[in-house]
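Student: I am new to this structure. Could you walk me through it with a few questions and answers?

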Amino acid sequence: MIRTTTRAAPNFALVKYWGKADDEAMIPAVPSLSITLDGPEIEVSVEPAGSEATGDDVSLDVAPVPEPWRDRTQRFLDLVRARSEETGWAVVKARGGPPPAAGLASSAAYFAALAQASSRAYGLPLDPESVSDLARMGSVSAARSVPGGIVVLDPADASSGRLGAHTIFPPTHMGMAVVVAVVDPSMKPVGSSEGMRLTRDTSPYFEAWTACAREDLGRARDALEAGDFAALGRIAETNCLRMHASAMAADPPLVYLAPATLAALARVHSLRQEGLSCFFTVDAGPQVKVVCLEEDVESVRDGMQGVTGVQDVLVQRPGPGSLISPDRES
Ligand code: 2P0
């Protein structure tokens, strides 16, 4: 077993994943399209446990640790060992990354880094497609944080239960940046996995949501191909609100949008009317991600800072995907 340290960053979807077709195999019900960011990175190391170890030792230096992460990490390492000739226990350490379980894609970053580190440590294939396929088994959205730039994860690409995400455009495509307006970084009351299960099982709008997804993906790809930022924004905003509408119609209802979230959406609309190239997307939490063109990033950041209830504004850029740090291997 090789001691390995890797880093990975969150990704935000413009065409969203919400709902699984197969819970066990972690196959999404819909295709999704996302931007992998350049930060904040979580660092994960995997190394062999000592000879007296009787199990894996998982040390998560993130606060607070989301409840499913420990169990999922354990199941993930069991899966890695089942695919490997190495069967030893591991010591896993994680630190950094965005605040967990707040709709800032922390689990995407964590499982992407864990997949990369454990693939290297346990001698599994290291091609991006294989690592992405493995990351998906920790969290579906983690598959999208392995490749960089603009990424697609499409269940139509699954074969023999294998499904990885791939880059469709490099990070520099169209010169985009992401301004994150943090409304409340504390843990959301209903996590994504539970929220999408509830939506699938109880929302009368889930079927309508899944019916729109493939067309949204095709239109988003066309807009990216044409370099049409305004068209991409219309598709992303519509797709985002369709996802939230399906969740709001669940029983019990799931409302991830806070009053300050709605105020931030209104601000994005007015910034656009003032001539800035920007659009919003919101995940399973109250934070608002504003995608804009690089030339407008300062104005958009200033505009979002003035929204009542917005606690912090961060600027991120499309990034290269998860990377092994050779200096930390041994
Ligand atoms: C997305 N989200 O496409 C969507 C939009 C949240 C809203 O992917 O159950 O943490 O571990 O597969 O990957 C969050 O879902 O859920 C997510 P699991 P995951 O980014």
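Tutor: Gladly! Let us begin with a term: two strands pair if DSSP finds at least two bridges between them. Keep in mind that this is a predicted model.

Student: In which order do the 4 strands of the open sheet stand?

Tutor: The pairing in this open sheet is antiparallel. Neighbouring strands are turned by 25 degrees against each other on average, direction ignored. The order of the 4 strands is β12-β13-β11-β14.

Student: Which strands of that sheet have one side left without a neighbour, and why?

Tutor: Look for strands with a single partner, as these stand at the edges. Each such strand has a partner on one side, so its other side has no neighbour in the sheet. The strands are β12 (278–281) and β14 (312–316).

Student: What is the bridge partner of Ala-181 in β14?

Tutor: Start with strand β11, residues 176–182, which pairs with β14 in the antiparallel sense over 5 bridges. In β14, the partner of Ala-181 is Val-313.

Student: At about what angle to β12 does helix α7 run?

Tutor: For orientation, take helix α6 (residues 229–248), which lies across β11, β12 and β13 and runs at about 20 degrees to β12. Helix α7 (residues 259–273) lies across β12 and β13. Its angle to β12 is about 160 degrees.

Student: Where does the largest pocket lie in relation to domain 1 and domain 2?

Tutor: The largest pocket has a volume of about 1,200 Å³. Among the residues closest to its centre are Lys-20, Arg-72 and Ser-139. Domain 1 (4–172) and domain 2 (174–316) both give residues to the lining, so the pocket lies between them.

Student: Which element gives the most to the lining of the largest pocket?

Tutor: The lining residues divide into 23 nonpolar, 10 polar and 14 charged. Elements that give two or more residues include β2 (11–15), α2 (106–121) and α4 (192–202). The one that gives the most, with 8 residues, is α1.

Student: Which residue does a cis peptide bond join to Asp-251?

Tutor: There is a cis peptide bond between Ala-63 and Pro-64, with omega about -10 degrees, and Pro-64 lies in the loop between β7 (57–61) and α1. For the bond at Asp-251, omega is about 0 degrees. The partner lies in the loop between α6 and α7, and it is Pro-252.

Student: Near what value is phi of Met-26?

Tutor: Met-26 is in the loop between β3 (20–22) and β4 (27–28). Its phi is positive, in a residue other than glycine, and is near 55 degrees.

Key. Residues numbered from 1 in each chain as written. Predicted model: local features only at pLDDT ≥ 70, side-chain atom pairs only at ≥ 80, totals over all residues. Heavy atoms only, no water. 1 Å grid on protein atoms, 1.4 Å probe; cavity = no way out; pocket = protein on both sides within 12 Å on 5 of 7 lines; lining within 4 Å. Points joined across faces, edges and corners; volume = space filled by probe spheres on them. Nonpolar A, V, L, I, M, F, W, Y, C, P; charged D, E, K, R; others polar. Domains from an automatic or database assignment. Axes fitted to C-alpha atoms, helices over the stretch in contact; angles between N-to-C directions. Contact = heavy atoms within 4.5 Å.
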